[in-house]
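Here is a short tour to read alongside the model. Keep the viewer open and follow the residue names as they come up.

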Amino acid sequence: MTKPYVSWGRYPYKEQRGMDLQWRTDVLPQEPNVLPQGNARSYGDSCMNQGGLVASTRFLRRFMQFDPATGLLQCESGVQLADIINLVEPQGWFLAATPGTKFATVGGCIANDVHGKNHHLEGTFGRHVTRFELVRTDGTRMICSPTENTGYFNATIGGLGLTGLIVWAELQLKRVPNSAINLETIKYKDLATFFELSAESEHTHEYTAAWIDCLASQEKLGRGHFLRGNHAKVTQPRVAAGKLKLSMPIDPPLSLVNSLSLRAFNTLYYNRQMQERSYATVHYDPFFYPLDFVQDWNRMYGPKGFLQYQCVVPNETSYDATREMLQRIAAANSGSFLVVLKVFGDVPSPGLLSFPRPGATLALDFPYQGNKTLHLFDQLDDVVVQAGGAIYPAKDAHMKADHFKLFYPNLETFTQYKDPGISSSFWRRVMEANA
Amino acid sequence: MKNWIIVGATSAIAESVCRLWATRGYKLFLVARNEGKLQQIAQDLKVRGAAQVDTFSMDANAFELHGQCFETAQKSMGKVDGIFIAHGTLPDQKACETSFNVARAEIETNALSVISLCTIAANHFEQQRQGDIAVISSVAGDRGRQSNYVYGAAKGMVSVFLQGLRNRLAKSGVHVLTIKPGFVDTPMTASIDKGGPLWASADQVAAGIVKSVDKKCNVVYLPWFWWIIMNIIRHIPEFIFKKMKL
Ligand SMILES: Cc1cc2nc3c(=O)[nH]c(=O)nc-3n(C[C@H](O)[C@H](O)[C@H](O)COP(=O)(O)OP(=O)(O)OC[C@H]3O[C@@H](n4cnc5c(N)ncnc54)[C@H](O)[C@@H]3O)c2cc1C
Ligand SMILES: NC(=O)c1ccc[n+]([C@@H]2O[C@H](COP(=O)([O-])OP(=O)(O)OC[C@H]3O[C@@H](n4cnc5c(N)ncnc54)[C@H](OP(=O)(O)O)[C@@H]3O)[C@@H](O)[C@H]2O)c1
């Protein structure tokens with residue numbers, strides 16, 4: 001077991017004082033500075049509270065009600081997406097929106113208003129939340145929904161845990177004919193083709209995303225595999241889940257991710273598929289959650305940890321901005337195994353600080369290599385700011401205070417709903433750094 | 001389908017075990033001292049698929065209620081196939097050293113209440129000529145150490161009692177499982193600094209318990225490597241052991 005209460009990226013790696021909430025009637029601890037925490041699957045410091053306390057929901061993991069006729073599910077906020085899928089999938093239901101890990105909690109998914117491969121059709125996770133209970137540090141409890149305590153509802157979705165503790169939530173699930181996915185993988189040659197494929201798939205495919213070979217440059221820049229899929233038909237046979245599970249049981253003394261292993265991986269991965277197109281019906285697990293297959297994979301980055309960079313750039317500038325960022329990354333010879341590019345849709349979210357917005361989103365991991373990494377991030381930031389984009393707090397450990405204000409114009413409205421007894425390392429960094 | 005009584009149902013380990021049993025559609029009779037907590041757990045287990053969930057509020061140290069508890073379970077489920085005993089407390093060792101009353105209370109909770117419940121269940125199952133008795137003891141009961149020997153003594157008493165009970169009931173087709181977890185990340189250990197390879201989650205331990213019940217194991221260390229650790233610890237000669245800081 002890895003140390004509890006520390007964020008997924010393990011950078012900045014800080015010891016974290018934590019306590020566990022176990023019952024719905026529990027109140028937040030009477031301390032001057034508390035932060036709710038889910039399963040700490042956020043990469044950076046938005047789920048951390050250095051110098052303060054985190055109140056973890058990892059034991060607040062009970063279902064309350066599920067109606068298989070309507071797909072309405074009520075559960076405590078520490079319930080993990082995997083728990084939900086195990087319960088509802090056999091009954092013909094699935095999550096309406098899901099991030100790339102099923103080990104995130106419902107509370108964490110609301111507080112980051114997470115998105116998945118179907119954002120262009122279904123929007124964010126928060127769009128499928130029908131109500132929740134919020135408890136504030138002063139002990140006040142309220143039910144929030146699109147019609148009740150609406151201000152708190154909108155502030156809490158994407159609210160980074162800062163408006164209070166979500167005790168339980170009610171979600172509208174999605175009926176699926178078959179949880180398996182009919183997947184088409186297209187090996188494509190450059191960035192322009194990516195945008196063509198995205199536009200072409202927008203109305204025909206429920207799920208789209210691309211993996212990019214981040215070390216390819218010049219005319220090959222942006223090449224990769226475009227994945228698009230729909231749920232299989234009722235009449236198709238169910239696909240069995242793979243049995244093999246791997247784990248990373250030790251902490252290697254150095255990062256196993258370096259420029260050599262990266263080049264080998266990216267080249268091999270790009271070429272693993274010979275033909276241009278391949279079709280398969282796959283189990284939902286490897287499709288939605290490929291990384292969950294290796295438990296504790298974050299440890300492969302070694303003791304210094306790693307950072308993720310995820311941004312979105314608007315459609316008008318997305319080709320040029322993405323191109324520029326990929327060039328800067330290739331030139332720096334850093335980058336990662338998993339570089340994901342996806343085009344978001346325009347389905348609005350109720351969340352005041354929600355990250356997804358129309359445009360292209362690029363996400364990639366970097367082993368932390370000190371100034372080299374931070375310098376590259378500054379260069380990428382310039383592109384995002386120029387393009388009128390934004391950076392995702394759930395993955396962030398470096399965003400500048402003035403950029404945060406620029407990316408999130410509803411910040412002022414949001415602060416009215418913030419709980420004065422709650423703060424996070426992230427919040428202090430982006431609100432107080434230049435103060 | 002099986003019908004189980006779970007004593008100490010609000011324990012994190014017991015709750016994880018119940019979740020696994022609920023998905024198998026078992027009937028569960030939950031016993032713990034706090035009704036509010038029991039209701040929250042019962043609601044969850046029903047959603048997860050338990051065929052029936054009943055609750056019974058009782059302090060484990062209310063020995064006089066033990067018989068009634070068993071009878072109520074039998075009435076509401078029709079038949080009792082197994083009893084799983086999970087309640088416990090981690091005593092403040094220093095307080096036990098200064099006050100015998102504290103030590104006695106801890107021994108009552110962790111050992112005597114278990115023995116009382118097992119006695120009732122054993123007699124019932126012996127007549128029924130079938131049944132499972134599964135009890136959480138601890139690796140701490142394998143050898144007394146200065147840091148928590150009152151808890152260790154209580155758990156040791158439970159382990160030895162179960163050994164004898166297993167021996168007695170073998171011929172009646174009644175099965176007795178002694179569960180010895182190592183360090184488990186639960187509210188009981190909230191005040192201890194966690195992390196590192198020796199710590200297991202309640203879910204991991206619960207999966208081991210469910211499997212051991214299925215396989216009719218006698219004594220199980222969870223996770224398994226505690227068997228090796230405890231074998232080493234038990235074999236350190238006393239004249240060396242007494243000088244160690246454990
Ligand atoms: C492998 C991997 C893939 C990922 N893929 C995606 C993806 O595709 N899309 C995406 O959007 N994200 C993705 N993420 C990020 C992840 O989904 C989010 O960070 C998510 O919020 C993590 O949930 P958590 O339960 O671990 O929350 P934590 O990381 O513990 O907390 C996240 C935030 O939620 C708050 N919070 C948690 N619980 C509560 C509560 N009960 N009440 C109030 N506030 C609370 C915390 O204060 C914090 O601000 C991925 C992460 C990983 C590790
Ligand atoms: N955690 C470990 O590292 C570890 C290691 C080895 C063995 N164990 C054993 O595992 C078992 C389960 O513990 P856990 O780790 O799951 O801890 P836990 O979650 O703290 O559970 C302990 C439970 O015991 C109950 N309890 C205590 N005194 C009681 C009483 N007088 N009457 C009725 N119930 C009482 C508590 O009920 P309330 O909710 O009402 O307080 C609580 O639900 C215990 O027997 C423990 O000794 C634990």
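The report below goes through the two ligand sites, two asparagines and the nonpolar cores.

This is a predicted model, in which local features need pLDDT of at least 70 and side-chain atom pairs count only at pLDDT 80 or more, while totals for chains, interfaces and linings use all residues. Residues are numbered from 1 along each chain as its sequence is written, chains are lettered from A and ligands numbered from 1 in the order in which they are written, and side-chain values use heavy atoms, leaving out hydrogens and water.

**Ligand 1**

Let us start in chain A. Around ligand 1 there are 35 residues, where being near means having a heavy atom within 4 Å. The closest are A:Pro36, A:Arg41, A:Ser42, A:Thr105 and A:Tyr392. By type, the shell splits into 17 nonpolar, 16 polar and two charged residues; here Ala, Val, Leu, Ile, Met, Phe, Trp, Tyr, Cys and Pro count as nonpolar, Asp, Glu, Lys and Arg as charged, and the others, Gly among them, as polar.

The table gathers polar contacts of both ligands, a polar contact being a pair of N or O atoms within 3.5 Å; within protein, one must be able to donate a hydrogen and the other to accept it, and residues adjacent in sequence count only if both atoms are side-chain atoms.

| Ligand atom | Protein atom | Distance |
|---|---|---|
| ligand 1, oxygen | A:Gly38, backbone | 2.8 Å |
| ligand 1, oxygen | A:Arg41, backbone | 2.6 Å |
| ligand 1, nitrogen | A:Ile166, backbone | 2.8 Å |
| ligand 2, oxygen | B:Ala86, backbone | 3.0 Å |
| ligand 2, oxygen | B:His87, backbone | 3.1 Å |
| ligand 2, oxygen | B:Lys155, side chain | 3.0 Å |

Taken alone, ligand 1 exposes 970 Å², and the protein buries 96% of that (Shrake-Rupley areas with a 1.4 Å probe; for residues, only the protein chains shown count as cover). Strand E2 (34-37), helix H2 (106-111) and strand E9 (165-172) of chain A each give two or more residues to this shell. Helices (H or I, at least four residues) and strands (E, at least two) are DSSP runs, numbered from the N terminus.

**Ligand 2**

Which residues come nearest to ligand 2? They are B:Thr10, B:Ala60, B:Tyr151, B:Val184 and B:Thr186, out of 27 around it. This shell holds eleven nonpolar, twelve polar and four charged residues.

**Two asparagines in chain B**

B:Asn110 sits in helix H5 (residues 100-128) of chain B. Its relative accessible area is 1%, so B:Asn110 is buried; buried means under 20%, exposed over 50% and partly exposed in between, with a 1.4 Å probe and protein chains only. A polar atom of its side chain lies 3.0 Å from the backbone nitrogen of B:Thr89. B:Asn110 also touches B:Tyr151 and B:Lys155, among others, contact meaning heavy atoms within 4.5 Å.

B:Asn231, in helix H8 (residues 225-235) of chain B, counts as buried because its relative accessibility is 19%. The C-alpha atoms of B:Asn231 and B:Asp92 are 26 Å apart, with their positions 139 residues apart along the chain.

**Nonpolar cores**

A nonpolar core is a set of buried Ala, Val, Leu, Ile, Met, Phe, Trp, Tyr and Cys residues joined through side-chain atoms within 4.5 Å. The largest has 107 residues, and A:Leu73, A:Ile84 and A:Phe132 have the most contacts inside it. A second, separate core of 37 residues includes B:Leu30, B:Ala32, B:Ile41 and B:Ala42.

Technical notes: Lists of a residue's contacts leave out its neighbours within four places in sequence.
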